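Take a look at the model below. This report covers the ligand and its surroundings, then one leucine.

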Amino acid sequence: MIIKKEEYSLKSLHDTTTLHNGVKMPWFGLGVYKVQEGEEALQSVKSAIKAGYRSIDTAALYENEDSVGQAIKESGVPREELFITTKVWNSDQRNDSVLEAFETSLVKLGLDYVDLYLVHWPVKGEYKQTWKVLEKLYKDGRIRAIGVSNFNIHHLEDLMSMAEIKPMVNQVELHPLLAQPELRDFCRKQEIQIEAWAPLGQGRLLEHPVLKEIAASHNKSTAQIILRWDLQNEIVTIPKSVKESRIIENGNIFDFVLSESDMEKINALNENKRYGADPDNFNF
Ligand SMILES: NC(=O)c1ccc[n+]([C@@H]2O[C@H](COP(=O)([O-])OP(=O)(O)OC[C@H]3O[C@@H](n4cnc5c(N)ncnc54)[C@H](OP(=O)(O)O)[C@@H]3O)[C@@H](O)[C@H]2O)c1
């Protein structure tokens, strides 16, 4: 089995990738899409931080920024050790209210800066203007890194044709059935860090026979195999769970390595299958 040097160096949930502006972002984090504001969001974020997670991915759309903020405070972990992402929603892009949306998110989170602020979707005719606002907030020191989400190659090219600052991250749907090889290659060359949303296919990939077989051979769960595949592919990953046992399980992927042959078997599963909306054809 050939193991690349960097795979040995991934030791814990605290390990980071360095974005093109030098900011360090954890490879692994907790997603909180569809996590209820209140006790559910509070407990899942607190459980994750207790388990060693240092990165939390929320969005204005998720309507749980208040609870995420409360969990951050109650966690007892110093703010500078955490990496908090939120996103500007489409209606705020259309209404020219990106700045207000950012301020609202900050107030809800109870923070005075976020680590990463993302353009949630490439809203046609709007995202370039949105990007200018993000660039200004970044230059003013209100955000440590700025990025996009659901951008295809052509969206990135279009954005970069006018951008003063290149996005540091592109968060997209990405899992073994939607491996996005061209987009990953493009982003690698542009030094834009790729981040996977729905890494577990929103829970639908966990019974996949090939993944189950690899999982059995390592005495690990299917979820752990997928998340380890992300890391070995240098993909930032943010699985969501509201169950403490699964939050712990998902983060427990630093004590084994997928072989080249395991990686190839998983790479071969790609069928360009989306569970979420298509960035070239969405109606929200
Ligand atoms: N930028 C975007 O447009 C966008 C879109 C979607 C998502 N996201 C982000 O990406 C994050 C992750 O994506 P996602 O939440 O859609 O899907 P996901 O992380 O692929 O899957 C979450 C589902 O898998 C289940 N699950 C998690 N760990 C498990 C385990 N070890 N065993 C069995 N089931 C498990 C969860 O159930 P339980 O909670 O019941 O454990 C939940 O139903 C989101 O939370 C959000 O932060 C971003």
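## Around the ligand

Helix H11, residues 244-251, gives the largest share of the shell around the ligand: three residues. Keep in mind that this model is predicted.

The ligand has 29 residues around it. Those that come nearest are Asp57, Gln202, Lys240, Ser241 and Lys243. What kinds of residue make up the shell around the ligand? It divides into 13 nonpolar, ten polar and six charged residues.

## Polar contacts and cover

Two side chains face nitrogen atoms of the ligand. In Ser149, a side-chain N or O atom is 2.8 Å from a nitrogen atom of the ligand. For Tyr62, the distance from a side-chain N or O atom to a ligand nitrogen is 3.3 Å. The backbone takes part too: a polar backbone atom of Leu200 lies 2.7 Å from an oxygen atom of the ligand.

How much of the ligand does the protein cover? On its own, the ligand has 910 Å² of accessible area, and the protein covers 89% of it. The space that the ligand takes is the largest pocket.

## A buried leucine

Now turn to Leu134. This residue lies in helix H6, which spans residues 127-139. Is Leu134 buried or exposed? Leu134 counts as buried because its relative accessibility is 0%, and the cut-off for buried is under 20%.

Leu134 can also be placed relative to Pro167. In sequence, Leu134 and Pro167 are 33 residues apart. In space, they are 9.9 Å apart, C-alpha to C-alpha.

Key
Residues numbered from 1 in each chain as written. Predicted model: local features only at pLDDT ≥ 70, side-chain atom pairs only at ≥ 80, totals over all residues. Heavy atoms only, no water. Near = heavy atom within 4 Å. Polar contact = N/O pair within 3.5 Å; in protein donor to acceptor, adjacent residues only side chain to side chain. Areas by Shrake-Rupley, 256 points an atom, 1.4 Å probe, with all protein chains shown as cover. 1 Å grid on protein atoms, 1.4 Å probe; cavity = no way out; pocket = protein on both sides within 12 Å on 5 of 7 lines; lining within 4 Å. Sits in = over half its atoms within 2 Å of the grid points. Helix = DSSP H or I, 4+ residues; strand = E, 2+ residues; numbered from the N terminus. Nonpolar A, V, L, I, M, F, W, Y, C, P; charged D, E, K, R; others polar. Buried < 20%, exposed > 50% of the residue type's maximum accessible area, 1.4 Å probe, protein only.
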